[in-house]
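Here are a few short exercises to try with the structure open in front of you. Work through each task before you read its solution.

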Amino acid sequence: MNWCILISIAVAIITAILGYLLGKLSSKNIKKDEIVLLKNKIAKLESSLRNCKESKSVLETDLKLAKSNMAPSISEEEKTFNINEVKKIFGKKIKENDLKIVEGIGPKIEELFHNFNINTWKSLAETSVEKCQEVLKSGGDRYRAHKPNTWPKQAKLAYEGKWQELKNWQDDLDGGK
């Protein structure tokens, strides 16, 4: 055989082997670079997640603080109407959600509120004084003298079952004023 052909074949085989090995080495470097980039990205995402969790914790704390500064709310389970307790404090029987317990509201005014679908202490407690005045105006001129400024607050005390506090306040009121 011709030495030239053998040398050419040997060079081709050696070149192929070297090319294969260099390719493997360079692909490992590329993968290592990609791994480093991905690890950096993961570290940034984890840092961002920690910051979000800290912000959430701060916001939850602020929300709890804000809620604690508000008037305490009573859960529906805690609100039970005890007719005997009310009778003991007011000296008369009072039905649950009887709007006439509010100083300044009589049967006719109660009827006006019912016409506006304000039937419970809770709904009256959530009604603005302006809305109360609108209800009174719907009854005509004879109801203009009434001042509903304290009615929602009184209704709230009734709704929350704070009977003694309501009674004490009403003792100081004059016709709901």
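A residue counts as buried when its relative accessible area is under 20%, as exposed when that area is over 50%, and as partly exposed in between. Keep in mind that this is a predicted model.

**Exercise 1. Getting an overview**

Task: Find how many helices and strands the chain has, and what share of its residues is buried.

Solution: Start with the secondary structure, which comes to 7 helices and 0 strands. Reading from the N terminus, you therefore meet the order α-α-α-α-α-α-α. Next, turn to burial: of the 177 residues in the chain, 21% are buried.

**Exercise 2. The surroundings of Thr127**

Task: Decide whether Thr127 is buried or exposed, and find which residues Thr127 is in contact with.

Solution: First, locate Thr127 in the loop between α4 (121-125) and α5 (129-138). Then apply the cut-off: Thr127 has a relative accessibility of 10%, and buried means under 20%, so Thr127 counts as buried. Now look for its partners. Leaving aside neighbours within four places in sequence, Thr127 touches Ile118, Cys132 and Pro152. Finally, check the side chain: a polar atom of the Thr127 side chain lies 2.5 Å from the backbone oxygen of Ser123.

**Exercise 3. Two helices that cross**

Task: Work out how α6 is oriented relative to α7, and which residues make the contact.

Solution: Begin with the axes of α6 (residues 151-159) and α7 (residues 163-172), which come within 8 Å and cross at roughly 150°. Angles over 145 degrees count as roughly antiparallel, so α6 is roughly antiparallel to α7. The crossing of these two helices is left-handed. On the α6 side, the contact is made by Lys153, Gln154, Leu157 and Ala158, and on the α7 side by Trp163, Glu165, Leu166, Trp169 and Gln170. Sorted by kind, the residues of this contact are 5 nonpolar, 2 polar and 2 charged.

**Exercise 4. Two asparagines with positive phi**

Task: Find where Asn97 and Asn117 lie, and classify the accessibility of Asn97 and of Asn117.

Solution: Start from a general rule: most residues other than glycine have a negative phi. Asn97 has a positive phi, near 65°, and Asn117 has one of about 60°. Asn97 sits in the loop between α2 (83-90) and α3 (107-115), while Asn117 lies in the loop between α3 and α4. Last, use the cut-offs again: with a relative accessible area of 23%, Asn97 is partly exposed, whereas Asn117, at 59%, is exposed.

Technical notes:
Residues are numbered from 1 along each chain as its sequence is written. This is a predicted model: local features need pLDDT of at least 70, side-chain atom pairs count only at pLDDT 80 or more; totals for chains, interfaces and linings use all residues. Side-chain values use heavy atoms; hydrogens and water are left out. Helices (H or I, at least four residues) and strands (E, at least two) are DSSP runs, numbered from the N terminus. Buried means under 20% relative accessible area, exposed over 50%, partly exposed in between (1.4 Å probe, protein chains only). A polar contact is a pair of N or O atoms within 3.5 Å; within protein, one must be able to donate a hydrogen and the other to accept it, and residues adjacent in sequence count only if both atoms are side-chain atoms. Contact means heavy atoms within 4.5 Å. Axes are lines fitted to C-alpha atoms, for helices over the stretch in contact, and angles run from 0 to 180 degrees between N-to-C directions. Angles under 35 degrees count as roughly parallel, over 145 as roughly antiparallel, 65 to 115 as roughly perpendicular and the rest as oblique. A crossing is left-handed if the near helix is turned anticlockwise from the far one by less than a right angle, and right-handed if clockwise. Ala, Val, Leu, Ile, Met, Phe, Trp, Tyr, Cys and Pro count as nonpolar, Asp, Glu, Lys and Arg as charged, and the others, Gly among them, as polar.
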